[in-house]
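Hi everyone, thanks for coming. Let me put the structure up, and then we can walk through it together.

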Amino acid sequence: MRALTWQGLQDVSVRSVPDPVLQDPTDAIVRVTSTAICGSDLHLYNVLAAYLHPGDILGHEFMGVVEQVGSAVDTLEVGDKVIVPFNVSCGKCWMCERGLFAQCETTQNVDQGTGASLFGYTDLYGSVPGGQAELVRVPHADFLPVRVDPALADERVLYLTDILPTAWQGIEYADVEEGGTLAVMGLGPVGQLAVRAARHRGLRVIGVDRIPERNALAAEWGAEVVDLDSTKNVGDAIRDLTDGRGADGVLDAVGMEAHGSPVLGAAVSAAKRLPKPLARAAIETAGVDRLAALHASIDAVRRGGTVSISGVYGGMADPMPMMELFDKGVQMRMGQCHVRRWTDELYDLVSGPDDVLGLEDLATHRVPLEQAPEMYKTFNDKQDNCLKVVLTP
Ligand code: NAD
Ligand code: ZN
Ligand code: ZN
């Protein structure tokens, strides 16, 4: 089959690789009909590159048609259309029973001290090949995949695999009461869906980004917008809009942004020439610069409010304003989305006659899988007004 493979820092290519096969009785093989590129893939493309191996198949947002099922899978049939949540969760272990699907204990990661395996995340998370490919092996297929109405357009349900539940969980964690104000830092695909879902839930929303098209789109969906580059201080701008107090909740939908940070960008470039352990160290200690969105979130939240972190952070040397956090009495919640926890509720929301969250119009680029390498570059460099890329194998 053809698959998008990681080859090096900012270097991916579509290659012919062996087809996946059933390994466990609870596996299924899914033939992918649509698969998206995520902001998280950009971390693998940039800052996490030092962890990958040439040939790793990327991709964790995918859906398709069930092609084969293992002998223990009686919940799916060949021909079913499914979306597959990005965290590989069993539905039965101690963590899954508590809805903590991103911490599923049945993965091979337990000794590494990490959570559930993730599709397309190399041995950082369980070495499960990803879904930017023609075929994928799906573990725990007796629980994980969600059957969808084949009459729906793929893009109506594709984002249930990740970015919509991520936005939804981010809003839940931000814990803003109806009528309260949620600030959304970062208006990429996750931030856009957070804006739409929060408006749908009756919240006032303030969106923050520096890309004019993304700010304009969020405004169309009812957000008040603060433009990062023409604002001296985001916290002050948000306090100006909230009686001087700050937002009740702030959702950080940015994370560590290689291309937004000159220091980190330089570290990534330098790492291209370094051996792996040194490259890792260079990137991980690139400094406070990459915490810009998180520090702005802590500043912009009101006293007693909550900072909810959906953006992905990593590294060991990150200074945090502990006095400010303590004095303001800020709650913080974060982590991978427990995707399967939200999919049933969200399927009901998105599968009605009206596309209430505008999901079918979110993607700006739809191309064959073969063009994935150009699309990684376009999405990474924020060129061509690129907001979301959907690949069709
Ligand atoms: P993206 O890269 O398209 O969007 C990030 C946006 O943040 C960009 O529009 C950028 O201009 C903006 N930005 C950069 N610095 C900023 C700052 N200081 N203040 C405000 N905005 C700033 O990515 P995406 O696909 O929307 O994903 C967003 C984040 O969510 C990524 O870190 C991704 O890894 C993470 N994510 C997490 C989960 C999870 O399970 N927690 C799931 C999916 C994605
Ligand atoms: Zn994703
Ligand atoms: Zn589990």
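Here's something to think about while you look: which elements do the buried residues of H12 pack against? Keep in mind that this is a predicted model.

Let's find H12 to begin with. Helix H12 covers residues 339-350, and its buried residues are Val-339, Arg-340, Arg-341, Trp-342, Thr-343 and Leu-346. As for their partners, these buried residues pack against strand E6 (87-88), strand E9 (146-147) and helix H4 (163-174).

Now let's step back to the domains. The domain assignment gives us domain 1, made of 2-161 + 337-392, and domain 2, which is 164-334. Where they meet, 26 residues of domain 1 are in contact with 29 residues of domain 2. On the domain 1 side, the elements giving two or more residues are H1 and H12. Our helix H12 provides the largest share there, with 4 residues. By type, that side divides into 14 nonpolar, 9 polar and 3 charged residues.

And then there's ligand 1. Its shell draws at least three residues from each of domain 1 and domain 2. There are 34 residues around the ligand, and the ones that come nearest are Gly-39, Ser-40, Gly-186, Gly-188 and Gly-255. Elements giving two or more residues to this shell are helix H1 (39-45), H4, helix H5 (189-200), strand E11 (204-209) and helix H10 (292-300). H1 supplies the largest share, 4 residues. In terms of chemistry, the shell splits into 17 nonpolar, 12 polar and 5 charged residues.

So, please keep an eye on H1: this helix gives residues to the shell around ligand 1, and to the side of domain 1 that touches domain 2. Thanks for listening!

Notes: Residues are numbered from 1 along each chain as its sequence is written. Chains are lettered from A and ligands numbered from 1 in the order in which they are written. This is a predicted model: local features need pLDDT of at least 70, side-chain atom pairs count only at pLDDT 80 or more; totals for chains, interfaces and linings use all residues. A residue is buried if 20 or more other C-beta atoms lie within 10 Å of its own, exposed if 12 or fewer, and partly exposed in between; C-beta atoms are placed from the backbone. Two residues are in contact if their C-beta atoms, placed from the backbone, lie within 7 Å. A residue is near a molecule or strand if its C-beta atom, placed from the backbone, lies within 6 Å of it. Ala, Val, Leu, Ile, Met, Phe, Trp, Tyr, Cys and Pro count as nonpolar, Asp, Glu, Lys and Arg as charged, and the others, Gly among them, as polar. Domain bounds come from an automatic or database domain assignment.
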